[in-house]
Amino acid sequence: ENSLEEFLRNEGCSIEDFYLLVEQNQTSNDKRIHLFVRCLLASMDYDSFFEVMVKESKRQLDNGERECAKDASESKEESKDESKDESKDESKEESKDESKGESKEESKDELEEMKTE
């Protein structure tokens with residue numbers, strides 16, 4: 001559109017006047033004018049369509065990146081929670097093992113005492 005505006009300015013025509021002429025000639029009987037108007041409108045529609053698609057793609061990519069970051073954050077939190085649970089379980093097991101070890105030591109000590117008596 002900027003190129004068109006520049007061209008029209010060089011020709012001494014405003015963009016508003018140009019669009020008015022295009023609108024007036026949409027139903028022209030002259031095949032060349034009619035073809036020109038159709039091609040011009042199609043290219044304008046395409047530019048508009050293309051711009052909308054690019055914006056939508058960027059929006060979806062941004063949302064996708066946010067979703068990926070959110071998923072990664074949630075996974076990280078779940079991993080932390082699982083690690084905490086595993087650590088608790090390991091601590092419990094270690095405590096049990098230590099208790100068993102202490103019990104065995106106490107039993108050995110008691111047996112030794114009995115033997116000496």
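**Figure 1. Glycine 12 follows helix α1.** Glycine 12 takes a positive phi of about 80 degrees, just after α1. The model is predicted: local features need pLDDT of at least 70, side-chain atom pairs count only at pLDDT 80 or more, and totals for chains, interfaces and linings use all residues. Residues are numbered from 1 along each chain as its sequence is written, and side-chain values use heavy atoms, with hydrogens and water left out. Helices (H or I, at least four residues) and strands (E, at least two) are DSSP runs, numbered from the N terminus. Helix α1 spans residues 2-11 and is hardly covered. Among its 10 residues, the count of buried residues is one. Buried means under 20% relative accessible area, exposed over 50%, and partly exposed in between (1.4 Å probe, protein chains only).

**Figure 2. The protein follows the pattern α-α-α.** It has three helices and zero strands. Of its 117 residues, 6% count as buried. The protein exposes about 10,600 Å², and carbon and sulfur atoms supply 50% of that area. Accessible areas come from the Shrake-Rupley method with a 1.4 Å probe; for residues, only the protein chains shown count as cover.

**Figure 3. Six residues form the largest nonpolar core.** They are Leu8, Ile15, Phe18, Val22, Val37 and Leu40. Helices α2 (15-24) and α3 (31-116) each supply at least two of them. The largest share, three residues, comes from α2. A nonpolar core is a set of buried Ala, Val, Leu, Ile, Met, Phe, Trp, Tyr and Cys residues joined through side-chain atoms within 4.5 Å. What does isoleucine 15 contact, leaving aside its neighbours within four places in sequence? Its partners are Leu4, Glu5 and Leu8. Contact means heavy atoms within 4.5 Å.

**Figure 4. Serine 28 sits in the loop between α2 and α3.** Is serine 28 buried or exposed? Serine 28 counts as buried because its relative accessibility is 18%. Its side chain reaches the backbone nitrogen of aspartate 30 at 3.0 Å. Beyond its neighbours within four places in sequence, serine 28 is in contact with Ile33 and His34.

**Figure 5. Aspartate 30 and arginine 32 meet in a salt bridge.** Their side chains are 3.7 Å apart, N to O. A salt bridge is a side-chain nitrogen of Lys or Arg within 4 Å of a carboxyl oxygen of Asp or Glu. Why can such pairs form? Side chains of opposite charge can pair when their charged atoms come close. Arginine 32 is exposed at 68% relative accessibility, while aspartate 30 is partly exposed at 28%.

**Figure 6. Helix α3 holds lysine 55 and glutamate 51.** These two residues are four apart, about one turn of the helix. Their side chains meet in a salt bridge at 3.4 Å, N to O. Arginine 59 and glutamate 56 also pair, at 2.5 Å. They are three residues apart in helix α3, so about one helical turn separates them. How many salt bridges does a search of the whole structure find? The search finds three.

**Figure 7. Five residues make a nonpolar surface patch: Tyr46, Phe49, Phe50, Val52 and Met53.** The patch covers about 510 Å². Patches are made of residues with over 30% relative accessible area and no salt bridge: like charges are joined within 9 Å, nonpolar side chains (Val, Leu, Ile, Met, Phe, Trp, Tyr) within 5 Å. Phenylalanine 49 is found in helix α3. Its relative accessibility is 48%, so it counts as partly exposed.

Methods:
A polar contact is a pair of N or O atoms within 3.5 Å; within protein, one must be able to donate a hydrogen and the other to accept it, and residues adjacent in sequence count only if both atoms are side-chain atoms.
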